[in-house]
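Got your viewer open? Load the model below, switch to cartoon with sticks on demand, and we'll go from stop to stop.

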Amino acid sequence: MLSVQEARQRILSYFSPLESELVPLEQAAGRALAAQICTTFDLPLFDNSSMDGFAVRATDLADASRAHPLALPVIGDIPAGTSPSLRVEAGQAARIMTGAPLPAEADAVVMVEDTDFNDRSAGALAPQNVSVYRAVEAGENVRRRGADLKLGQEILSAGSLLRAQDVGMLAMLGVANVQVSRRPRVAILSTGDEILPVELPLTPGKIHDTNAYTLSALAAQAGCEIIRLGVAADTREAVRQKLDAALLAKADVILSSAGVSVGAFDYVKEVVEAHGALDFWKVNMRPGKPLAFGQYRGIPFFGLPGNPVSAFVGFLVFVEPALEQLQGLKTVARPRRVRVILGERLESDGRESYLRATVTLEDGRYVARFSANQSSGNLFSLVEANALVIIPAGVTSCPAGAEVDAWLF
Ligand code: AMP
Ligand code: MG
């Protein structure tokens with residue numbers, strides 16, 4: 001039987017990064033950056049004040065104190081967004097706002113709290129003179145040009161998943177459009193004569209299509225566009241029609257669920273093999289042992305298990321890494337992996353196991369307790385759970401208190 005690791009390696013060898021596209025910055029969050037971004041100027045771009053106060057020369061204030069305030073004439077006013085032309089000569093001060101450029105010859109800012117001028121109401125005019133209550137160091141309350149970043153520094157590498165702060169950083173650099181990996185187009189197919197679309201009422205023997213919704217949501221969260229193929233009945237013709245629709249819709253990946261346990265599998269297997277190739281693997285894991293992978297007319301094809309929990313786990317274990325690789329993502333973004341302590345003893349059957357659990361923070365540690373019903377058809381147990389605890393292959397028993405990996409969601 002294949003190990004999870006081997007199966008994943010084989011799958012990943014089929015995927016290389018898609019081409020990139022230019023998108024407006026406001027659409028960039030959650031996308032994979034296609035090319036490295038470097039600064040094109042120093043940040044900050046100019047020396048500026050980090051406080052509302054008075055721009056001064058530090059040497060003038062060496063003797064200032066609360067007992068002996070130093071009075072300075074205020075020669076001007078520097079709001080943020082202006083470019084001051086004034087010079088602060090020895091013994092002078094200029095009122096300055098947070099973010100405003102430091103005027104020539106000034107080397108520090110005294111904050112208003114350290115002066116006798118504390119009128120901060122909107123529109124308050126600068127005083128004629130200001131008395132300063134303390135000495136300042138040169139550079140105090142000044143943000144120097146280039147203190148955060150120098151021209152040419154790398155700020156984001158190719159393959160980064162753009163987060164909110166990354167998008168803000170790009171805006172700071174004036175990057176209005178950003179080159180990101182194209183979204184993979186994922187076609188999702190459900191198979192089985194018992195499966196009804198969600199909008200139809202149940203009739204005897206039927207169940208609602210569940211996997212298409214779970215898998216679509218997962219693929220969308222992974223940055224993909226979804227092509228809904230609907231449900232294929234258990235016939236050769238129905239399966240072929242649906243798969244051809246994926247081709248027509250220019251899918252990059254096909255995700256099919258069910259029909260991969262021995263038996264009804266044959267139609268999917270036959271149709272995919274007739275126009276492509278299919279490997280059918282038993283992977284040493286639970287849930288979700290049967291996994292089919294191959295290509296249909298050149299499109300990578302995943303045949304996930306039919307049971308809703310198995311389909312979910314199969315997606316996270318095999319499909320998510322492939323979708324990340326398609327987008328050229330360099331860091332594994334999802335799901336979030338943490339170390340957890342087992343809150344109870346666990347017997348395992350030696351397969352790599354992805355067990356539904358509830359993880360809580362107790363005394364600063366994540367503690368996992370397993371859902372009682374681990375049946376792979378029991379989707380509610382996954383609804384109640386907030387984690388999958390990963391028990392490695394070969395482990396048959398874990399004492400309470402053992403530390404293992406888990407995916408939190
Ligand atoms: P199969 O692999 O076709 O034998 O399906 C395994 C189990 O998963 C059966 O109980 C199916 O009814 C169920 N199943 C298959 N497809 C879906 C689906 N799209 N939504 C919910 N359950 C499904
Ligand atoms: Mg079936």
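What follows is a walk through a predicted model, starting at the ligand and ending at the cysteines.

**Stop 1: the ligand**

Select ligand 1 and bring up the residues around it. How many residues surround ligand 1? The answer is 15, and the closest are Glu-194, Asp-209, Thr-210, Gly-259 and Gly-306. Colour that shell by class and you should get 5 nonpolar, 8 polar and 2 charged residues.

Now show backbone atoms as sticks. A backbone N or O atom of Gly-259 sits 2.9 Å from an oxygen atom of ligand 1. Move on to Gly-306, where a polar backbone atom is 3.2 Å from a ligand oxygen atom. Then click Asn-307: a backbone N or O atom there also lies 3.2 Å from an oxygen atom of ligand 1. Put a surface on the ligand while you're here; of the 490 Å² of accessible area that ligand 1 has on its own, the protein covers 76%.

**Stop 2: the loop between S18 and S19**

Next, select the loop that runs between strand S18 (285-286) and strand S19 (290-296), and pick out Lys-289 in it. Is Lys-289 buried or exposed? Something in between: its relative accessibility is 30%, so Lys-289 counts as partly exposed.

Show what is packed around that lysine. Setting aside residues up to four places away in sequence, Lys-289 touches Met-1, Trp-281, Lys-282, Val-283 and Arg-351. For a distance to draw, link the C-alpha atoms of Lys-289 and Leu-304: they are 15 residues apart in sequence and 9.5 Å apart in space.

Stay in this loop and click Pro-287, which is found here too. Look at the peptide bond leading into Pro-287 from Arg-286: it is cis, with omega near -5 degrees.

**Stop 3: another cis proline**

Jump to Pro-44, in the loop between strand S2 (37-38) and strand S3 (48-49). What kind of peptide bond joins Leu-43 and Pro-44? A cis one, with omega at about -10 degrees.

**Stop 4: Pro-84 and its neighbours**

Now select Pro-84, in the loop between strand S5 (70-78) and S6. With a relative accessibility of 23%, Pro-84 counts as partly exposed. Light up its contacts beyond four places in sequence and you'll see Ile-78, Pro-101, Leu-102 and Pro-103. Among them, Leu-102 makes a good distance to draw: its C-alpha atom is 7.8 Å from that of Pro-84, though the two are 18 residues apart along the chain.

**Stop 5: two positive phi angles**

Keep going to Glu-105, in the loop between strand S6 (93-96) and strand S7 (108-111). Check the backbone torsions here: Glu-105 has a positive phi of about 75 degrees, although it is not a glycine. At 40% relative accessibility, this glutamate counts as partly exposed.

Then select Asn-141, in the loop between strand S8 (129-132) and strand S9 (142-143). Asn-141 isn't a glycine either, and its phi is positive at about 60 degrees. Why does Asn-141 count as buried? Because its relative accessibility is 17%, and buried means under 20%.

**Stop 6: a buried threonine**

Go to Thr-115, in the loop between S7 and S8. This threonine is buried, with a relative accessible area of 3%. Show its side chain and follow where it reaches. One polar contact is to the backbone oxygen of Val-112, at 2.8 Å. Another runs to the backbone nitrogen of Phe-117, at 3.0 Å.

Widen the selection to see who else is around. Leaving aside neighbours within four places in sequence, Thr-115 is in contact with Phe-54, Val-110, Val-130, Ser-131, Val-132 and Tyr-133.

**Last stop: the cysteines**

Finish by selecting the cysteine sulfur atoms. How many disulfides does a search of the whole structure find? It finds 0. Click Cys-38, which is partly exposed with a relative accessible area of 28%. Then try Cys-224, which counts as buried at 6% relative accessibility.

Methods. Residues are numbered from 1 along each chain as its sequence is written. Chains are lettered from A and ligands numbered from 1 in the order in which they are written. This is a predicted model: local features need pLDDT of at least 70, side-chain atom pairs count only at pLDDT 80 or more; totals for chains, interfaces and linings use all residues. Side-chain values use heavy atoms; hydrogens and water are left out. A residue is near a molecule or strand if one of its heavy atoms lies within 4 Å of it. A polar contact is a pair of N or O atoms within 3.5 Å; within protein, one must be able to donate a hydrogen and the other to accept it, and residues adjacent in sequence count only if both atoms are side-chain atoms. Accessible areas come from the Shrake-Rupley method with a 1.4 Å probe; for residues, only the protein chains shown count as cover. Ala, Val, Leu, Ile, Met, Phe, Trp, Tyr, Cys and Pro count as nonpolar, Asp, Glu, Lys and Arg as charged, and the others, Gly among them, as polar. Helices (H or I, at least four residues) and strands (E, at least two) are DSSP runs, numbered from the N terminus. Buried means under 20% relative accessible area, exposed over 50%, partly exposed in between (1.4 Å probe, protein chains only). Contact means heavy atoms within 4.5 Å. A disulfide is a pair of cysteine sulfur atoms within 2.5 Å.
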